[in-house]
Amino acid sequence: MSLNFKYLIFDWGGVFTHGHLLKDFSANLSVKCEKRKEEIEKVFRELEFPYETGKVSPAEFWENFRNKLGVKMAAREIQNMFLNSYVVNFPMLEYAKELKKKYKLILLTNSYEDMFDFLKSKYQLEEYFDFLFSSSDIKDKKPNTKIYK
């Protein structure tokens, strides 16, 4: 049996990155604001769903996060720490570039509007993928089937 693939779908986190975004962000922020990593993760998770599905703006999310966490840092400073918390797996990006010569590549990821825009700009993701989709754009997230349609 021969398989003839035309499209390959990839996730971002854990495929094109190393580490764990929220854990890495929480560790960095805990040093800066003297809050426990676990508390930072808990507050983030409590507020995350509308942020990840594009139902609140990034500015609104980060202001709510800052207030609920009870820190004096500017929301924009916290957001910048978050946006720069991914450790990119560059060999995988280069592999994607090679695969793109034979297949149509799709990036389909649960991500946040500001993070996805940041990643597209910083890493020129259009060079590696034919189509880019984020949960914040689709207003739903994996594993819900709506995101695949």
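Let me begin with strand 4 (residues 104-109), which is mostly covered, since 5 of its 6 residues are buried,. By buried I mean under 20% relative accessible area, by exposed over 50%, and by partly exposed anything in between, with a 1.4 Å probe and protein chains only. Helices (H or I, at least four residues) and strands (E, at least two) are DSSP runs, numbered from the N terminus.

Before going further, I should state that this is a predicted model, in which local features need pLDDT of at least 70 and side-chain atom pairs count only at pLDDT 80 or more, while totals for chains, interfaces and linings use all residues. Residues are numbered from 1 along each chain as its sequence is written, and side-chain values use heavy atoms, with hydrogens and water left out.

Which strands pair with strand 4? Strand 1 (residues 7-10) does so in the parallel sense over 4 bridges, and strand 5 likewise pairs with strand 4 in the parallel sense over 4 bridges. Two strands are said to pair here if DSSP finds at least two bridges between them. On the strand 1 side, the bridge partner of Y7 in strand 4 is K104. On the strand 5 side, L107 has L132 as its bridge partner, and T109 stands opposite S134.

Strand 5 itself covers residues 131-134, with L132 and S134 on a covered face and F131 and F133 on an uncovered one. In a regular strand the side chains alternate between the two faces of the sheet.

The chain passes from strand 4 to strand 5 through helix 6 (residues 113-123), and this β-α-β crossover is right-handed. The term right-handed applies if, with the strands pointing away from the viewer, the path from the first strand over the helix to the second runs clockwise. Helix 6 has D114, M115, F116, L119 and Y123 as its buried residues.

Just after helix 6, Q124 takes a positive phi of about 45 degrees, although Q124 is not a glycine. Q124 belongs to the loop between helix 6 and strand 5, and it is partly exposed, with a relative accessible area of 39%.

A second residue of this kind is E34, a residue other than glycine whose phi is positive, near 60 degrees. E34 sits in the loop between helix 1 and helix 2. Is E34 buried or exposed? It is exposed, with a relative accessible area of 75%.

Let me turn to K100, in the loop between helix 5 (90-99) and strand 4. K100 is partly exposed, at a relative accessible area of 25%. Leaving aside neighbours within four places in sequence, K100 is in contact (heavy atoms within 4.5 Å) with L105, E126, E127, Y128, F129 and D130. From C-alpha to C-alpha, K100 and F44 are 35 Å apart in space, and they are 56 residues apart in sequence.

Now to the largest pocket. Rolling a probe the size of a water molecule over the atoms shows where empty space is left. On a 1 Å grid over the protein atoms alone, a pocket is an open set of points where a 1.4 Å probe fits, with protein on both sides within 12 Å along at least five of seven lines, and lining residues have an atom within 4 Å of a point. Grid points are joined across faces, edges and corners, and a volume is the space filled by probe spheres set on the points.

How much space lies in the largest pocket? The answer is about 320 Å³. Its lining consists of 19 residues, of which G13, L21, Y86, N110 and Y112 lie nearest the centre. Helix 1 (21-33) and helix 2 (37-52) each supply at least two residues of the lining, and helix 2 gives the most, with 4 residues. By class, the lining has 6 nonpolar, 7 polar and 6 charged residues. Here Ala, Val, Leu, Ile, Met, Phe, Trp, Tyr, Cys and Pro count as nonpolar, Asp, Glu, Lys and Arg as charged, and the others, Gly among them, as polar.

I finish with the chain as a whole. It has 7 helices and 5 strands, running β-β-α-α-α-α-β-α-β-α-β-α from the N terminus. Of its 149 residues, 45% count as buried. Among contacts with a separation of 6 or more, 67% are accounted for by residues 24 or more positions apart. The C-alpha atoms fill a box of roughly 60 × 30 × 25 Å, taken along the principal axes.
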